[in-house]
Amino acid sequence: MSESTIFMLAFILYALAAAFYFAFLYSKKENPAGVGFTIALIGLLFHTLALVLRTVESGHAPFTNMYESLSFLAWASILAFLIIEGKYKVRRPGAYLLLIVIALMALASSPLMPKEATPLVPALQSYWLWLHVSVTLLGEAFFAFAFITSIMYLSAEAKEKKGKAPKSGLTAEKLDSISYRTIAIGFPLFTLGGLVFGMVWAFKAWGTYWSWDPKEVWSLITWFVFALYLHTRIVMGWKGRRSAAIAIIGFLAALFTYFGVNYLLAGLHSYA
Amino acid sequence: MKALLNFFTSVRVAITLLIILICASTIGTFIPQERSASEYLVRYGQLGPLLQRLQFTKLYHSFWFIALLLLFALNILICTLVRLFPKFHRAFKPKIETEPRNILSLKIKDKFKVGLPPAEARDEVKKELSRRRYRLRASEAEKRHFFYARKKVLGWFGSDVVHLGILIILAGGIVSGLAGFRRDLTFVENQTLPISGANFSVRLDKFITEYYPDGSVKDWKSLLTILDAGKTLSQRMIEVNHPLNHRGYIFYQSGYGWDWEHPSLEVWVKKKGDQAYLKKVWLKFGEKTALGGESLDLSVLQFIPDFVLDEKNQPTTRSLEPNNPAAFIEGWQGTEKIFSGWVFAKFPDFSRLHSAKETDISLELKDVQAPSYSVIQMAKDPGVLLIWIGCGLLMGGLFLAFYWPTRELKIILEDSHGKTEVAAGGIALKSREAFQTEFENIINSLRKRK
C-alpha cells in the first residue's frame, strides 16, 4: 500500500472514531467512547506508518511542506488527545478534538496542497528540522486540546450559572483544571521546540539566533500569551472564564504562527 | 523610591508590560520593517513619515521597544528577588510546627491514633518518610514529637530559574547587539581575504554547487583554509547548516554567484555553404580570438546571463542565474568588422548576425562559464554563549516548575496513655491530587504499624 492510501485509511479511522465519540455525547453511554478511543489509536498507528513511509520515500523529515506538516500536526493532536484522555479519564473533549483533526486531515488531503515530496533546499538539510518542527507541533497539539477544554469550560460554566448541573460529571471546574494541566505540558514543549531549538538552528543555519522574522515574532507572541495565562493564574489567582479566554487567544496565536504567517506575512520561514 | 519599588514589584505592572509587548510585537509583523521612505509613502501615504518618526518601521530596534524590554527585564528581576528571600527562608530555615490546630487547618490533613508508644511511633514515621525520600527535621518537647518533612524543594525555585534564564537571554541579546558583528565575504576560488581585526586570513580553495537530479540546488560547499602569516592553521569544508568556527569567528555558507564580468564562452563556428565545416573556440570577454585557418577574429562585446528585453527594448538581465545566456559577438577581418550580433545559447534559431559584408558564417553559443564565487557570512557574536546558558536555565526552570512539585509534611505525635495521637498535614502548591494520594498512602501505612 502506498503512503497516500494509508494516510486516507487513517483519515477514515479518525472520522469513524469521531462518529463513535459523538454517539457517546448524544447517547450518554460510555461504550461508544471506548470503541472510538480504540479506533483513534488504530488510526494513529496507520498514520504513523504513513509518516514513516513518507520519510523513507522522500529521505527527509515528514514536515517540509504544508501537506506534510498538517498531517504531522493531526498526528500530534491525536497523540496529545490519547495521552490526556488516558491520564485524566475525560472523554468528552476527545469528540471535539477529533473534529479539529478531521479538519486538519481534510485540509492536508485537499487538492490545494501540493503533495509531491520535493528535494530539500540546502537550508532545511539538518537534524534540527526534526527537533524544531516535531517538538513545536507537539506543543501546539496540547494547546489545541486546551483550546477545546477552554471552550467547553465557557459553555459548562454558563450552564452551571443557570443552575444546571452537568449530567456527565464533567464540571466546569474540572475542565478548567484540565486546561491548565494541558498547557503545563504544551508550554515547556513549545518553549523547547519553537523557541530554544529554533534559536539553535537559526544560529547554525543563518548565523544569527534571532532575526525578528514574522514567524519568530509570532512564536514569541504565542509564548507571551501563555506566559500571561500562567502568571495571571498562578500569581494573581485568575481562574475560570478569564483563564479560558487567554488559553483560547493563545491557541489562536499559535494557529496564526503556524498558518497565517505563511500566507499573510513574508519572511525567512518561507518553506512551510 | 518606595513608590518606584512598589511599581516594579507589582505583578500587575508585569502583566501590563507583557500585554504591551504582545501588542507592539504584533504591530511590527504587519508593518513591513526597514524599507525605504518612498515605499512607506506609497503604502501609507501621509502616515508613512509619522510611522517612521515613531520608529514603527524599525520597531524591534526602536528606542521605545528596547526601553520596554529593559523595563520588563527590571520588573522580572525585582519581582523575582522580592519573592526569592522569603522562599530561601522557607527552604533553609523552615519552622517546625508545634501546634496541632494549625496542622489540622490545612487542606490536606488527617488525625488518628496508633497503638504504639510515641518513641516507637517516631521511628516508624522516620522510616516511612525516608523510604519515600522525604528530608526530615524533627524536634521534641515533653511527650510530643514534631516533624517537618519535605521533598523536591527545588520545585519552588523553578519560576526563579526561568526568570534568571530570561534575564540572561536578554543580557545575551544586549551583548550581541553591542559587540556582535557580521560581514559578507565574497570569494572566488583561490582568493585569500584578510580578516580585519583578527590575526588570520581565509582562503577559498574550492567552491562546489551540488544539484539534485531535477536540477534544483542540493547544497553549496566551500573548502576554506584559515591562514596565519601564510601558515595553514586549519582547513575545512563548510556547507549550509555546517559552519566553521575559528576562535569565535564563525563562517557560514550564505550565498553564491558567478562573476559574469569575466565569462568564457564556447562558440561553434559553422558555414552555411559547407556542412562539414565546424570550428570550436573558447572566447574570453574583451579579447580578440583568432579562428585558426581563417582570416577571422572573434570578440565578445557584451554578455548577459539571463537575457530579456526591458520596457525600452534594451537587452538586460533578469537574474544572475545563467537561465538564458546571450552574447554579443563581433567578427573582424583585420581592421574591418564583417559581422556582429546576439547569439543565444538556449535559442540558437534567434541568433542574428548583421553583416556589413557577405558572409556565410553562423555562430552557436554552446557553453558559458564564469568564475563562480562563494558568499561566506562571517559572524562574531559574543552574546551567543549567554543565550545558550539562558536557554538551558529556561528549560531547566520550566521542568522544575511543572514537573518537580515540592511536597511538605507537618506531623505532630502526642502521647495518649501509652499510645500515640497523630496529627498530620501536607502542603503542595502543584499537582495537589497526586499529593493527596501519596499523603493517604503514608497515613495508611502508618496506621497499620503495630
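In this predicted model, B:Leu265 has B:Val368 of E20(B) as its bridge partner. That pair belongs to the set of eight bridges that join E11(B) to strand E20 (residues 361–369) of chain B, the two strands running antiparallel. Another residue pair across these strands is B:Trp268 with B:Glu364, the latter in E20(B). Strand E11 (residues 264–271) of chain B is also joined, again in antiparallel fashion and by eight bridges, to strand E12 (residues 274–284) of chain B. Here B:Val269 finds its bridge partner in B:Lys279 of E12(B). A hairpin is formed by E11(B) and E12(B), with two residues between them.

Put together, these pairings give an open sheet of three strands in chain B, ordered E12-E11-E20 and paired antiparallel. E12 and E20 of chain B are its edge strands, each pairing on one side only. On average, neighbouring strands of this sheet are turned by 20° against each other, with direction ignored. As a general reminder for reading such a sheet, strands pair through backbone hydrogen bonds, either parallel or antiparallel.

Chain B also holds an open sheet of four strands, again with antiparallel pairing, in the order E5-E6-E7-E8. Its edges are strand E5 (192–194) and strand E8 (231–239) of chain B, each of which pairs on one side only. From one strand to the next, the twist averages 25°. At the E5 end of the order, three bridges join E5(B) to strand E6 (residues 201–211) of chain B, and the two run antiparallel. One residue pair to look for there is B:Pro194 with its bridge partner B:Ser201 in E6(B).

Two loop residues of chain B deserve a look at their backbone angles. B:Glu34 has a phi near 55°, a positive value in a residue other than glycine. This residue sits in the loop between helix H2 (11–30) and helix H3 (37–44) of chain B. B:Glu34 counts as exposed because it has 10 C-beta neighbours inside 10 Å, and the cut-off for that class is 12 or fewer. For B:His417, phi is near 50°, likewise a positive value in a residue other than glycine. Its place is in the loop between strand E22 (407–416) and strand E23 (419–427) of chain B. With 7 C-beta neighbours inside 10 Å, B:His417 counts as exposed too.

Chain A is built from helices: eight of them, with zero strands. Along the sequence the pattern reads α-α-α-α-α-α-α-α. The radius of gyration of chain A is 19 Å, close to the 19 Å that the globule rule gives for 272 residues, so chain A is as compact as a globular protein of that length. Taken along the principal axes, the C-alpha atoms of chain A fill a box of roughly 60 × 50 × 30 Å. Of its 272 residues, 51% count as buried. Sequence-distant contacts are well represented in chain A: among contacts between residues at least 6 apart in sequence, 78% join residues at least 24 apart.

The nonpolar interior can be followed from a pair of aromatic residues. In the largest nonpolar core, which has 116 residues, A:Tyr14 and A:Phe145 touch the most other members. H6(A) supplies the largest share of this core, 18 residues. When neighbours within four places in sequence are left aside, A:Phe145 is in contact with A:Ala80, A:Phe81, A:Ile84, A:Pro93, A:Leu97 and A:Thr182. A second core, separate from that one, has 21 residues and includes B:Phe147, B:Ala149, B:Leu409 and B:Phe435.

Finally, the two chains meet at an interface in which 32 residues of chain A are in contact with 34 residues of chain B. On the chain A side, the elements that give two or more residues are helix H6 (172–206) and helix H7 (214–234). H7(A) contributes the largest share of that side, 11 residues. By residue class, the side of chain A that touches chain B divides into 24 nonpolar, seven polar and one charged. H6(A) therefore appears in two parts of this account, since it gives two or more residues to the side that touches chain B and also the largest share of the largest nonpolar core.

Terms used: Residues numbered from 1 in each chain as written. Chains lettered and ligands numbered in written order. Predicted model: local features only at pLDDT ≥ 70, side-chain atom pairs only at ≥ 80, totals over all residues. Contact = placed C-beta atoms within 7 Å. Nonpolar A, V, L, I, M, F, W, Y, C, P; charged D, E, K, R; others polar. Rg over C-alpha atoms; globule rule 2.2 N^0.38 Å. Buried ≥ 20, exposed ≤ 12 C-beta atoms within 10 Å, placed from the backbone. Pairing = 2+ DSSP bridges. Axes fitted to C-alpha atoms, helices over the stretch in contact; angles between N-to-C directions. Core = buried A, V, L, I, M, F, W, Y, C linked by C-beta atoms within 7 Å.
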